[in-house]
Amino acid sequence: MVLLPGHILQYGDWCLDYAVNCSDITLERVWGHVDVFAFGHFWGWTLKALLIRHYGICWTISVMWEFTELAFYHLLPNLAECWWDAIFLDVLICNGLGIWFGMYLCKKLEMRSYYWESIKDIHSTTGKLKRAVLQLTPERLQS
């Protein structure tokens, strides 16, 4: 991009045109989309997997974030991307490998497993209400 004198950069001006001509899928075009953001996806999901330690929750958040990008790309132009970039590069390759690597590190570092309780496992209405209220409170209060 060439800046002209007096030109003020707008948000998204520095972004590549990710959502242009999406039907043209070539290996060099796909490889051209592997950039710092791809590394960011991988590294971010590695760290998220280290924190969350649950494949199902990580995959759900990953897929839902791509839907969030679809819903808001009209507000933030840099969220626009081709369908194959969102599905294959982001979710399956970068996020998927990051989730797998994070879980692999958890296993190799012998980290403690988290057991996420589902509200479906609580049978009484009172128990469900108590769980919902306790969700928003600290584990213990100190005076």
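## Close-up views of a five-helix chain

**View 1. Glutamate 110 is an exposed residue just after a helix.** At 72% relative accessibility, glutamate 110 counts as exposed, because that value is over 50%. Like everything shown in these views, this residue belongs to a predicted model. Look for glutamate 110 in the loop between H4 and helix H5 (125-134). Its phi is near 50°, a positive value in a residue other than glycine.

**View 2. The whole chain, before we zoom in again, is built from helices.** There are 5 helices and 0 strands, so following the sequence from start to end gives the pattern α-α-α-α-α. The chain has 143 residues, and 25% of them count as buried. Among contacts with a separation of 6 or more, 69% join residues 24 or more positions apart.

**View 3. Arginine 53 is a buried loop residue.** Here we meet another positive phi: arginine 53 is not a glycine, yet its phi is about 60°. You will find arginine 53 in the loop between helix H2 (36-52) and H3. Its relative accessibility is 17%, so arginine 53 counts as buried, the cut-off being under 20%.

**View 4. Helix H4 has a kink.** This helix has 26 residues. From its first C-alpha to its last, H4 reaches 35 Å, close to the 38 Å expected at 1.5 Å a residue. Follow the helix to aspartate 90 and you come to the centre of a kink of about 35°.

**View 5. Serine 62 is a buried residue of helix H3.** Serine 62 is found in H3, and its relative accessibility is 1%, so it counts as buried. Which residues does serine 62 touch, not counting residues up to four places away in sequence? They are Trp45, Val91, Asn95 and Ile99.

**View 6. The second largest pocket has residues of H3 and H4 in its lining.** Its volume is about 260 Å³. The lining is made up of 15 residues, and those nearest the pocket centre are Glu66, Leu70, Glu81, Trp83 and Ala86. Two elements give two or more residues to this lining: helix H3 (55-72) and helix H4 (83-108). H3 gives the most, with 5 residues. What classes of residue make up the lining? There are 12 nonpolar and 3 charged residues, with no polar ones.

Technical notes. Residues are numbered from 1 along each chain as its sequence is written. This is a predicted model: local features need pLDDT of at least 70, side-chain atom pairs count only at pLDDT 80 or more; totals for chains, interfaces and linings use all residues. Side-chain values use heavy atoms; hydrogens and water are left out. On a 1 Å grid over the protein atoms alone, a cavity is a set of points where a 1.4 Å probe fits but cannot get out, and a pocket is an open set with protein on both sides within 12 Å along at least five of seven lines; lining residues have an atom within 4 Å of a point. Grid points are joined across faces, edges and corners, and a volume is the space filled by probe spheres set on the points. Helices (H or I, at least four residues) and strands (E, at least two) are DSSP runs, numbered from the N terminus. Ala, Val, Leu, Ile, Met, Phe, Trp, Tyr, Cys and Pro count as nonpolar, Asp, Glu, Lys and Arg as charged, and the others, Gly among them, as polar. Buried means under 20% relative accessible area, exposed over 50%, partly exposed in between (1.4 Å probe, protein chains only). Contact means heavy atoms within 4.5 Å. The expected span of a helix is 1.5 Å times one less than its number of residues. The bend at a residue is the angle between axes fitted to the seven residues ending there and the seven starting there.
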